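Please look through the structure shown here with its ring-bearing side chains in mind, and then follow the explanation below.

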Amino acid sequence: MANNNELSLPFASRRSFLSLSAAASAAVAFRIVTEPMLAHARVLSFPKDAIRIDANENPLGPSTSAREAASAIVPQGGRYSDWLTDDLVKTLAEMEGLKLEQVRVYAGSSEPLHHTVAAFASPQRSYVTADPGYEAGTFAATAAGAKVVKVPLTKGYAHDVKAMLAAAPDAGVFYVCSPNNPTGTLTSHSDIEYLVENKPKGSIVLVDEAYIHFADAVSAMDLVKAGKDVILLRTFSKIYGMAGLRCGAAFGRPDLLEKIEHYGGWNFMPITALAAASASLKDAELVPERKRINARIRGEVFAWLDHNGYSYVPSESNCFMLDTKRPAKAAIDAMAKQNIFIGRIWPAWPTYARITIGTASEMEQFQAAWQKVMSGAVTASAGAMPSPGELGRRKRNLDEDVIRG
Ligand SMILES: Cc1ncc(COP(=O)(O)O)c(C=O)c1O
């Protein structure tokens, strides 16, 4: 278990971070760190034909009905059209059995994640998270002047809720991501409930269900319904394939949601996102079909890894941690040489890299390239080379191997 407030920002941000004036330093408290900032910190631009399995995106993109709804609403783009937000809130509330005032819609879940941490963590109230875990909240906590307490996952890769409680009697926020990013592993409903029932007074549990639709998991939404000290986040960026369209939601008791509104309000929504999100929710086949597709491809990749003796952490989402059996940067670079961009490293597990499940064809290409990396046929410093121009565009020459969250 380690307390670590030291942060390293992605390349461009890190550079500007170092040269900030006093006024700009204060403004950093408001900067929202996102998955693409974290995922693409080391890559300047991707070649056109690159295989990108590095940012937990959905290669299928928005569903057909979502695309049609987004296109159809464009002529109305001259107006704010708040009623579209109301519509989406209503649909979400009905689906989850909540009151309208327990639902807020945002342009993705990064914003409510940041603002929840800003509202409930402080120099007096720590931010407690799993290790490895999704890093965005640690940036928000540090900006809020809060201590960041990282607690290793259990042997079964769940959040160690008892250790989290013991590690921070002064906690303001317990962040629980289930399925966890980056491991894709679950924390049981009973463990989340235990955390909620035993946490210090005045703290909240922030349950991030960005990947829940991929898994056979019990949601913690019933705890929101029961009025507990829980804020729950969902996003349309993952199974719904709308990362670039930007839509997400926060669910919680009205008094908790009001607190996070002080940090940035809500309802500044692009109407294309609202239309696409509403259409997605009305498409009853979307989630089960995409869940099946992802599970099938993931199962095939795991079977291949098993067959070839490679180790990984079995996951229930659209990403998993793969053991590279070396400092993982060498494997990441050797894969990039083959035009396949895999995910980043978490310092707690320095030999592992995160892999996103792509299409079946992308994963076949991933497997062929992985075989070459593991056999030594392609290494970071030798082997198959892309054209020099391509390589130059592709990579920044970073001296740091790892983003430290
Ligand atoms: C665990 C988790 N939470 C939240 C987000 C935020 O996503 P978005 O802002 O696209 O909704 C991500 C993105 O990858 C994530 O992995």
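Rings of Phe, Tyr and Trp, the last represented by its six-membered ring, are taken as a pair if their centres lie within 6.5 Å, and the angle of the planes sorts each pair as stacked when under 30 degrees, edge-to-face when over 60 and tilted for the rest. In this predicted model, the structure holds 11 aromatic pairs. One of them joins tyrosine 312 and phenylalanine 320, whose ring centres are 6.2 Å apart and whose planes stand at 80°, so that this pair is edge-to-face. Tyrosine 312 is buried, with a relative accessible area of 17%, and phenylalanine 320 is buried as well, its relative accessible area being 0%.

The rings of tryptophan 349 and tyrosine 352 have their centres 5.1 Å apart, and because their planes lie at 55°, the pair counts as tilted; both of these residues are buried. Elsewhere among the aromatic residues, one cluster is formed by Trp304, Tyr310, Phe366 and Trp370.

Rings also meet charged groups in this model. The charged end of arginine 52 sits over the ring of phenylalanine 46, at 3.9 Å from the ring centre, while the charged end of lysine 162 sits over the ring of tyrosine 194, at 5.0 Å from the centre of that ring.

Burial can also be followed along a helix. Helix 6, which spans residues 110-120, has 10 of its 11 residues buried, and it is therefore largely enclosed by the rest of the structure. The buried residues of helix 6 include Glu111, His114 and His115, together with Leu113, Val117 and Phe120.

Notes
Residues numbered from 1 in each chain as written. Predicted model: local features only at pLDDT ≥ 70, side-chain atom pairs only at ≥ 80, totals over all residues. Heavy atoms only, no water. Buried < 20%, exposed > 50% of the residue type's maximum accessible area, 1.4 Å probe, protein only. Lys NZ or Arg CZ within 6 Å of the ring centre and 35° of its normal. Helix = DSSP H or I, 4+ residues; strand = E, 2+ residues; numbered from the N terminus.
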